[in-house]
Amino acid sequence: MTKLTGECLCGAISFEAEGEVPVMANCHCTACRQSTGSAYASLMFMKQDDVKITGTPKTYQHKSDAGTVMTKHFCENCGTPLFTQNSAREGMLGLRAGVINEQQEFTPKVNVYVSSKLDSTVLDEALPAFEKMPG
Ligand SMILES: [Zn+2]
Ligand SMILES: [Zn+2]
């Protein structure tokens, strides 16, 4: 059982989560780089029901290259990206690892979409790396 808390930069949106975290990944896809403004997105996927959100994030939907609907949740006041959803993973919510307080809980298990990573990003060779999304 993992307990996570976090909030956006301005504090308008916060969350508390408790449950299993079956997927922890770094995603290097172009959409993740654009929507986070960072070299890659670090994500912790939990059951949506295990995450209690205070405040109302704004959402933006787009199609992934696999044709699924992606929903990004962010604070419309300060712009912090908080959550992401993929229609292919119904009921799951991806928490952005950079906003959690319990940083020691983030131990990425895989790198995905390394085909579109920045040249300067050095991958942990101990982790499996996938050109796109596995399975
Ligand atoms: Zn905010
Ligand atoms: Zn991605």
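In which loop is I100 found? I100 lies in the loop between β9 (92-96) and β10, in a model that is predicted. The UniProt annotation "domain: CENP-V/GFA", which comes from an unreviewed entry, covers residues 4-107, and over these residues the chain is 7% helix and 47% strand, with the end C-alpha atoms 13 Å apart. The points below take up the surroundings of I100, the zinc ion, a sheet and a salt bridge in turn.

**Surroundings of I100**
- I100 counts as buried because its relative accessibility is 3%, under the 20% that marks the limit for a buried residue.
- When residues up to four places away in sequence are not counted, I100 touches L4, T5, G6, F15, M44 and F106.
- Although I100 and T2 are 98 residues apart along the chain, their C-alpha atoms are separated by 12 Å.

**Zinc ion (ligand 2)**
- The protein donors of the zinc ion (ligand 2) are the SG atoms of C27, C29 and C32, which lie 2.1 to 2.3 Å from the ion.
- Along the sequence, the donor residues of this zinc ion follow the spacing C-x1-C-x2-C.
- Of these donor residues, C27 is buried, and C29 is buried as well.

**The sheet of β1, β2 and β5**
- Three strands form an open sheet in the order β1-β2-β5, and their pairing is antiparallel.
- The edges of this sheet are β1 (2-7) and β5 (51-54), each of which pairs on one side only.
- Neighbouring strands of the sheet are turned by 10 degrees against each other on average, with direction ignored.
- Strand β2 (residues 14-19) is joined to β5 by four bridges, and the two strands run antiparallel; within this pairing, S14 has T54 of β5 as its bridge partner.
- In general, strands of a sheet pair through backbone hydrogen bonds, in either a parallel or an antiparallel manner.

**Salt bridge**
- The structure holds one salt bridge, in which the side chains of D65 and K132 meet at 3.5 Å, N to O.
- This pair links distant parts of the chain, 67 residues apart, since D65 sits in the loop between β6 (58-63) and β7 (69-74), whereas K132 belongs to the segment after β10 (110-112).
- D65 counts as exposed because its relative accessibility is 57%, whereas K132, at 47% relative accessibility, counts as partly exposed.

Technical notes. Residues numbered from 1 in each chain as written. Chains lettered and ligands numbered in written order. Predicted model: local features only at pLDDT ≥ 70, side-chain atom pairs only at ≥ 80, totals over all residues. Heavy atoms only, no water. UniProt positions renumbered as here; feature names shortened; annotations may be inferred. Donors = N, O, S within 2.8 Å, 3.2 Å for Na, K, Ca; no water. Buried < 20%, exposed > 50% of the residue type's maximum accessible area, 1.4 Å probe, protein only. Salt bridge = Lys/Arg side-chain N within 4 Å of Asp/Glu carboxyl O. Contact = heavy atoms within 4.5 Å. Pairing = 2+ DSSP bridges. Axes fitted to C-alpha atoms, helices over the stretch in contact; angles between N-to-C directions.
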